[in-house]
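Here are some notes to read alongside the structure, set out point by point. I hope they help you find your way around.

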Amino acid sequence: NNIDIVNNKGEYALFWHDALLKNPLNFAKDLDVLNSVLKALKLSGAFLNDSCAIHIHVDGRGTHTPSTLCNLIDYSYKIQNDIFKIFNLNSVKWQHGIKMFDKNMIDRINLLTEKNFQDIEDIWYLNYSHRRIYFNESRYHFVNLHSFFYGIKTIEFRFFKGSLEYREILNYIKFSLTLNNAALTDNFSLIESLLKTIKCDI
């Protein structure tokens, strides 16, 4: 409901409309479907404005351990300034809908001696009430774990601008998977290599 619905004349819709396009669950295996959908949307005259964004969910079921989840939080914190600069997240249109990680959260994560999901979850929701509701404010972090703890066990990467271009969206997917895989393999160098080339790819 943060999407502004307009026609090709720039006129706003009188009533709220659902303008959410969801991907299949096995998205990585259905890229040809994505390409076909994008082509159909463009042929029908669809276009995007600055209120549109892309959120990518990566399955975390049976893959992430408490240690790898801490890696993801720590790595995301380390590169968040780069992320916000590359994707222009400091602009006015993004300020109300996305947030950085707080250093206090990172410090608490790093102080954990025996990592477990419950302690990580408690730290994640430390400054937020009603953790079980869908629109918990913690979900607005640029890498969202609310969807992992009380959603469908996914890691949500929510810092991409809207696009109808297949290659651009494919790069967004690769970026998300690389960040996730770096955490899973405890290999920060994967992210460092990605950041060196990302400006050329996106």
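1. A good place to begin is valine 143 in this predicted model. Leaving aside residues up to four places away in sequence, Val143 touches Leu72, Ser76, Phe101, Trp124, Ile155, Glu156, Phe157, Phe159 and Leu179.

2. Which residues touch the most other members of the largest nonpolar core? They are Ile83, Val143, Phe157, Phe159 and Phe160, and the core has 45 residues. Helix H2, residues 66-86, gives the most to this core, with 8 residues. Two of the names in that list, Phe157 and Phe159, are also among the contacts of Val143.

3. Helix H7 is worth a check on its geometry. It runs over residues 166-185, and at 1.5 Å a residue its 20 residues should span 28 Å. The end C-alpha atoms of H7 are 28 Å apart, so the model agrees with the expected span. Just after H7 comes aspartate 186, whose phi is positive, near 55 degrees.

4. Many positions along H7 can be followed by eye. Its buried residues are Glu168, Ile169, Leu170, Asn171, Tyr172, Ile173, Phe175, Ser176, Leu179, Asn180, Ala182 and Ala183. One of them, Leu179, is touched by Val143. As a reminder when you look down the axis, an α-helix has 3.6 residues a turn, so residues three or four places apart point the same way.

5. How do H1 and H7 meet? The axes of H1 (residues 31-43) and H7 come within 10 Å and cross at roughly 140 degrees. Since angles over 145 degrees would be needed for roughly antiparallel, H1 counts as oblique to H7. Leu31, Leu34, Asn35 and Leu38 of H1 make the contact with Tyr166, Ile169, Leu170 and Ile173 of H7. The crossing is right-handed.

6. For H4 (residues 103-111) and H5 (residues 117-124), the packing angle is about 165 degrees and the axes are 10 Å apart. That angle makes H4 roughly antiparallel to H5. On the H4 side the contact is made by Met105, Arg108 and Ile109, and on the H5 side by Ile120, Ile123 and Trp124. H4 passes H5 in a right-handed crossing. Trp124 is also one of the residues that Val143 touches.

7. Last, a look at serine 147, which is found in helix H6, residues 146-150. Is Ser147 buried or exposed? Its relative accessible area is 10%, under the 20% cut-off, so Ser147 is buried. Beyond residues up to four places away in sequence, Ser147 touches His57, Ile152, Lys153, Thr154, Ile155 and Glu156. Ile155 and Glu156 are touched by Val143 too.

Technical notes: Residues are numbered from 1 along each chain as its sequence is written. This is a predicted model: local features need pLDDT of at least 70, side-chain atom pairs count only at pLDDT 80 or more; totals for chains, interfaces and linings use all residues. Side-chain values use heavy atoms; hydrogens and water are left out. A nonpolar core is a set of buried Ala, Val, Leu, Ile, Met, Phe, Trp, Tyr and Cys residues joined through side-chain atoms within 4.5 Å. Buried means under 20% relative accessible area, exposed over 50%, partly exposed in between (1.4 Å probe, protein chains only). Helices (H or I, at least four residues) and strands (E, at least two) are DSSP runs, numbered from the N terminus. Contact means heavy atoms within 4.5 Å. The expected span of a helix is 1.5 Å times one less than its number of residues. Axes are lines fitted to C-alpha atoms, for helices over the stretch in contact, and angles run from 0 to 180 degrees between N-to-C directions. Angles under 35 degrees count as roughly parallel, over 145 as roughly antiparallel, 65 to 115 as roughly perpendicular and the rest as oblique. A crossing is left-handed if the near helix is turned anticlockwise from the far one by less than a right angle, and right-handed if clockwise.
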